[in-house]
Amino acid sequence: MTKLRDQIAVVSGASGGIGGAIATALAQEGARVLLVGRDRGKLETLAGKLQAASLLAQVWPMDLTRDEDIEHLAHGVGTEFGRLDVLVHCAGAIDHGKLEDAPIEALDRQYRANVRGPMLLTQKLLPLLKKPRGQVVFVNSSVGLTARPNTGHFSATQHAFKAMADALRDEVNGDGVRVLSVYPGRTATPRIEALHAKEGRPYRPEVLLQPEDVASVVLNAVTLPWTAEVMNISIRPMQKSY
């Protein structure tokens, strides 16, 4: 299957469960995937697996809260490829707690990682996305649609993430760029395992969404004919365990 053959894809958060699954799915369809994230070791492990399967992957360690890292990535993509076909935003920070006593520093940290960083990365890469006929995928969260107790500051950044995607879509559709937002419920990843431990809740990954579930709907959307654009996808575990 090579629906994305010769396309260039940047996936932020590729060292995580969902990001890694999306990167793998894109590579399996023929894309050359740039694996972006903070954990070089995890990125290199994934790249090794993909390359062993004769898939195209490169490692780009970076931190979304560092402007110079974003500038370096954008310059590198422009210099080496001169264009970009798919940008997937799947990186970010999360911290749960009550609004009445949550440290304001937690909001600052999440804002930089979940809103400011993705916005700057999008700005820097957008000229390259307009060259072919590009696509941007915002991997959001179910709380980006409906805030719940103890998620206030995280939800606030995810609502801003949604607003960014919605505004961008109407701004760049005329340039031939598609924009998709995905809102997964709880997914079997280390982040959710840690969250369940914090909540004192049993972690049962078998009844949660799997990273590959999210990757499959993203892949389906980005490989649709160009007569269509999927705007929003909400996906949650079939069994409601939380």
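This report describes the strands, nonpolar cores and one helix of a predicted model.

## Strand 1 and its partners

Strand 1 covers residues 8–12, and five of its five residues are buried. I8, V10 and S12 point one way from the strand, while A9 and V11 point the other way. Residues on both sides are buried.

Strand 1 runs parallel to strand 2 (residues 32–37), and five bridges join the two. Within this pairing, R32 of strand 2 stands opposite I8. Between the two strands the chain passes through helix 1, in a β-α-β crossover that is right-handed. Strand 1 is also joined to strand 4 (residues 86–89), again in parallel, by three bridges. Here A9 stands opposite V86.

## S12

S12 lies in strand 1. Its relative accessibility is 1%, and the residue therefore counts as buried, the cut-off being under 20%. The S12 side chain reaches the backbone nitrogen of C90 at a distance of 3.0 Å.

Neighbours within four places in sequence aside, S12 is in contact with V36, V88, H89, C90 and A91.

## Strand 5 and its partners

Strand 5 spans residues 135–139, and five of its five residues are buried, so the strand is largely enclosed by the rest of the structure. Q135, V137 and V139 lie on one side and V136 and F138 on the other, so that both faces are covered.

Strand 4 pairs with strand 5 in the parallel sense over four bridges. In this pair, V86 is opposite Q135. The connection from strand 4 to strand 5 runs through helix 4 (residues 104–130), and this β-α-β crossover is right-handed. Strand 5 also pairs with strand 6 (residues 178–184), in the parallel sense, over five bridges. V139 has V182 of strand 6 as its bridge partner. From strand 5 the chain crosses through helix 5 (residues 152–172) to strand 6, and this β-α-β crossover is right-handed too.

## Nonpolar cores

In soluble globular proteins, nonpolar side chains tend to be buried together. The largest nonpolar core of this model contains 36 residues. Those with the most contacts inside this core are I22, L26, V33, L35, V88 and V137. Helix 1 (residues 17–28) supplies the largest share of the core, with seven residues. Another core lies apart from this one; it has 30 residues, including I70, F81, L129 and V136.

V137 belongs to the 36-residue core. Leaving out residues up to four places away in sequence, V137 touches L87, V88, H89, L180, V182, V218 and V222. V136, by contrast, is in the core of 30 residues, and the two valines point to opposite sides of strand 5.

## Helix 6

Helix 6 covers residues 190–199, and I192, L195 and H196 are buried in it. Viewed down the helix axis, the buried residues fall within an arc of 100°, which means that they line one face of helix 6. An α-helix has 3.6 residues a turn, so residues three or four places apart point the same way.

The face turned away from the buried side carries exposed residues, namely P190, A197 and K198. Just after helix 6 comes G200, with a positive phi of about 70°.

Definitions and conventions: Residues numbered from 1 in each chain as written. Predicted model: local features only at pLDDT ≥ 70, side-chain atom pairs only at ≥ 80, totals over all residues. Heavy atoms only, no water. Core = buried A, V, L, I, M, F, W, Y, C linked by side-chain atoms within 4.5 Å. Buried < 20%, exposed > 50% of the residue type's maximum accessible area, 1.4 Å probe, protein only. Contact = heavy atoms within 4.5 Å. Pairing = 2+ DSSP bridges. Right-handed = clockwise from strand over helix to strand, strands pointing away. Polar contact = N/O pair within 3.5 Å; in protein donor to acceptor, adjacent residues only side chain to side chain. Arc of directions from axis to C-beta.
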